[in-house]
Every structure is written in structure tokens, then in C-alpha cells.
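Reader: Could you take me through how helix packing should be read in a model of this kind, beginning with a single pair and working outward?

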Amino acid sequence: MTEMFVQLKLGDQRYKSKTLCKSANPQWREQFDFHYFSDRMGILDIEVWGKDSRKHEERLGTCKVDIAALPLKQANCLELPLESCLGALLMLITLTPCAGVSVSDLCVCPLADPSERKQIAQRYCLQNSLKDMKDVGILQVKVLKAVDLLAADFSGKSDPFCLLELGNDRLQTHTIYKNLNPEWNKVFTFPIKDIHDVLEVTVFDEDGDKPPDFLGKVAIPLLSIRDGRPNCYILKNKDLEQAFKGAIYLEMDLIYNPVKASIRTFTPREKRFVEDSRKLSKKILSRDVDRVKRITMAMWNTIQFLKSCFQWESTLRSAVAFVVFLVAVWNFELYMIPLALLLLFIYNFIILTKGKTGSIQDSQESTDVDEEEYDDDKESEKKGLIERIYMVQDIVSTVQNILEEIASFGERIKNTFNWTVPFLSFLACLILAVATVTLYFIPLRYIVLIWGINKFTKKLRNPYAIDNNELLDFLSRVPSDVQKVQYAELRPCSSHSPLRKKRSAV
């Protein structure tokens, strides 16, 4: 076995750790959040798995933890011996009471009561910014109705129900049978752990014992919510890139603490429950190649522009660049680096207010994708050939994921400066302003000294601290160009027609 990972299961909730190279003392240092209900069985099943170079997996050991037997509000350090193999697993488990999700009718809407709304608002006021840092806010969603849904049954009707997902919280409405214009009139309440989460609302058709049929979906970033106003959202396809048939009416209220939300931005995002890995798609691979190509061309054009300044291809340009170089180098101070980045934010904000930025539709044209499933199971019955096919598919899938990560990283940096998410861009400006003032008044040696002392003593102060990169955690909250298209709200006047049919094979 060359690689190892851990699987954790509590009821229907499952997580999988990152995969590490085989060693005698592997350290994963990851954190996972489970929803534990005291009235249900609380047995946490843990499995340690090994995987060889041929992707063959073998369970190396197991252990169990009775959650109900652990004390509340403290970090319980457990050394759990593994069954069926040597060794033990060291874990920290903390039980923290929190406000759970809830479902109610419109007549008992929590935020409709002025006294209860005032009490909730007081809980998230600025005076309580340093209390219970994981409780960032609360979201209330009224699912009112849907109109003009796709007919999924032979009778020309559907049996629609609505599924709401926020992070790892999932709630659904009841089913309304034989109706294309259902009215649910339900109120859902979600606790917010990360203000940068996205609320996904999916409409399905109940189909008895069979998996439900897809009727449309919308994705709504929490920071784009307009409080207390009913909104009509055009349903999209599964990829959230094109209009589907029908629309859904939602009314949402969001209350959160901006200080907690800002601090949470620089910590790792909560991991999603284990999901099926995304299948290989030739069109997605081609799109990711184009995205990387655009980023590469932008960098190449910048380099060529700088090079042309030295070649005196344009006398005016080179002369201006030469003067700027002399003045900048002669007067350079370290605080000017964050100051320059801050000026770039201000410049892009001025352009944004003048309406000169590109529209989302431009990005949508370049990210128009039809998902194609890649099925290799029926290629051949010969085991050797199947293994080779899986190996090639795994390699190409890895390349596809790497290209997507590279493209998304570059697009997130661009979208940070372009004020795509004003909350994040304003937060970045605030950090740069503080960095500019700090570097102006405090010598660099003191800053490096404080940083070094913190790094060297971090392990001593907290032996089980989880390492993270605050900059990467911040960028993970910025949407890529593909996500901008997925999160964009379609206008009610847009076409409601379903996806165009795929071209027939030649």
C-alpha cells in the first residue's frame, strides 16, 4: 500500500480525509463537522484505508466512538486502537450545542415576530462579535411556489417537491401531486457558518421507488440575498449554466455578524459530505484548457508589454516607463507594495461604477457546456483492457482537475480585484490599508521577528493545530468565472426553454 486515507461515518453523514503517502505515523490534521442529534444513535464509525498504485483499496483497520458518552463543550483527546491491525488513531472530538435547521408554516415564521427578530438581531450584533465564532448568522427561506414546471409524467403533470441545501444542511418540502404550479408555502431556517456559502434550491419530481426526476435548480450566494422581498428565480439545468423550464418564488431574510463573517473568511472552508467524483467530460476538459490559455495569454501579453518598454517600440511609452521606473526605485518603500494593490482596487472600483466592466453574458458564452458522461464499463469484458482504460481515464481526469484548479486560481485573483464580490474586495482593501500603515510605521525586522516567533511557537502553544494558508482560504471564497455564470440570476424575461438537444452523432 502506497497511500492511506480515513473514512468517517455518522448515520448518513460521511467524510473522507485527504490521501497521504504511506508512513508509520501519518498526520492528516483535518477537521470535519457532523450534525449530531441527541435523540438518535451516536456511533461514529472510523475506517483506515490503504490504496496501491493500481487504485486497489484495502481496509487496514476500524474503530468506533460513542458520541453520547462524551462530555459537552470541551475537546476530547481520544487515542483509539484500531481493530484487525496494529496502531491507533489520535482524534480530537468536540460536542458543541448549536441552533439547528427547522421547517415551519408561514403562520409561524420565526423572523415575522418583531420581538423574536429583535432577539436574533441582538445575538449577531457587533457587541457579540467575539462570542461563539462559528455561529455567523441565520438564514430564513420562504419557499412560496413554482410555476410552469416541466411535465415529467405521462399524464402531462408532475409531482414536485423542493430540496434546499446550504453547505451540509439539507431540508425539503412536502410533495404536491399532479401539479405544474405547486404552492408549498413553507419556511426553512438555516444556521450560517460561512457567509460565502451558496443556497442551492432544486425542484424534483417524485417518482415512487425510483430516483426523482430533475425539474430545475437555482444557486443563490448568501451575499446576493435581498432581504424580505419575494423574488422570482428562473430555474436552470443541472450545470446551472442555461435556463430550464419554469420558475420558483422565494422570499429570504439574512441576519449575520460581519466581524465573524470576515474572520471566518480566512479559515478553511467546511468540507462537503463525500460525493461521487465528477466524471470525465471532453467538453469540460476543452473548456478548462481554454480557461488556462486565456490566463496564460494575459500573462504573456503583460510580459510582452513590459518587454516593449525596453525595446523603445513606442518612444512615448518607453519614456514614460523609464521616468516611472526612476521615480519608483528612488522613492521605493516596502509599504508601497500593499498601497499599489490598494490603488488597483480603487481603479477597478471606479471603472465598475462607470459601467465599463464586461457583462456576465460574455463569460456565459465562453463557459457554455453540455455535460457528457464518460462510460467505460461497457468498452470491453477483458480485465486487462478495462484496467488500462481506467488508468488512462484516471490520468486524464487528474489533468482535467489540475487545469480547472489553475484556471480557477487565476480567475479568482482577477475577480477579487474586479469587485465581483464587494464584501471580499472591501475586506481585501481593509487588509491592504492596515498593511500599508503597519509597514510605514513599523520596521520590517520587527514584523519578520513577530512572524517567526509565532511560527516557531505555534506547535508548542497548540500541538493539534490545523495548518492553513489564510490567503488561499480567502481566495477559495471568490467565485471563478464558471461559478459567476452559475450564480448569476436570470431575468424573468429570459427564455424558459429547456436545454437544446444534443447534436446527433455523425
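**Reading helix pairs**

Author: In this predicted model, helix H3 (residues 282-311) and helix H4 (residues 315-330) pack with their axes 8 Å apart, at an angle of about 95°. Angles of 65 to 115 degrees count as roughly perpendicular, and H3 and H4 are therefore roughly perpendicular to each other.

Reader: Which residues make the contact of H3 and H4, and how do they divide by class?

Author: On the H3 side the contact is made by Phe-305, Ser-308 and Cys-309, and on the H4 side by Arg-317, Ser-318 and Ala-321. By class, this contact of H3 with H4 has three nonpolar residues, two polar and one charged.

Reader: At what angle do H5 and H8 pack, and what is the handedness of their crossing?

Author: Angles over 145 degrees count as roughly antiparallel. Helix H5 (residues 336-353) and helix H8 (residues 422-441) pack at an angle of about 150°, their axes lying 8 Å apart, and H5 and H8 are therefore roughly antiparallel to each other. Their crossing is left-handed. From H5 the contact draws on Pro-338, Leu-339, Leu-341, Leu-342 and Phe-345, while H8 contributes Ser-425, Ala-428, Cys-429, Leu-432, Ala-433, Ala-435, Thr-436 and Leu-439. Eleven of the residues in this contact of H5 with H8 are nonpolar and two are polar, with no charged residue.

Reader: How is H2 oriented relative to H8, parallel or perpendicular?

Author: Here the angle is again the place to start. Helix H2 (residues 258-265) and H8 pack at about 80°, with their axes 11 Å apart, and H2 and H8 are therefore roughly perpendicular to each other. Pro-258, Ala-261, Ser-262 and Thr-265 of H2 make the contact with Phe-423, Leu-424 and Leu-427 of H8; these residues divide into five nonpolar and two polar, with no charged residue.

Reader: Which residues does the UniProt annotation "transmembrane region" cover, and what does the model show over each span?

Author: An annotation should be set beside the coordinates with some care. The UniProt entry, which is unreviewed, gives "transmembrane region" for residues 320-347 and 423-451. In the model, residues 320-347 are 82% helix and 0% strand, with the end C-alpha atoms 19 Å apart, whereas residues 423-451 are 93% helix and 0% strand, with the end C-alpha atoms 27 Å apart.

Reader: Where is the pLDDT below 50?

Author: The chain as a whole has a mean pLDDT of 83, and 87% of its residues reach 70 or more. The pLDDT is nevertheless below 50 over residues 357-382, a stretch that has 49 contacts in the model beyond near neighbours in sequence. Over residues 494-506 the pLDDT likewise stays under 50, and the model has 20 contacts for them beyond four places in sequence.

Methods
Residues numbered from 1 in each chain as written. Predicted model: local features only at pLDDT ≥ 70, side-chain atom pairs only at ≥ 80, totals over all residues. Heavy atoms only, no water. Axes fitted to C-alpha atoms, helices over the stretch in contact; angles between N-to-C directions. Helix = DSSP H or I, 4+ residues; strand = E, 2+ residues; numbered from the N terminus. Parallel < 35°, antiparallel > 145°, perpendicular 65-115°, else oblique. Left-handed = near helix turned anticlockwise from the far one by under 90°. Contact = heavy atoms within 4.5 Å. Nonpolar A, V, L, I, M, F, W, Y, C, P; charged D, E, K, R; others polar. pLDDT = per-residue confidence, 0-100. UniProt positions renumbered as here; feature names shortened; annotations may be inferred.
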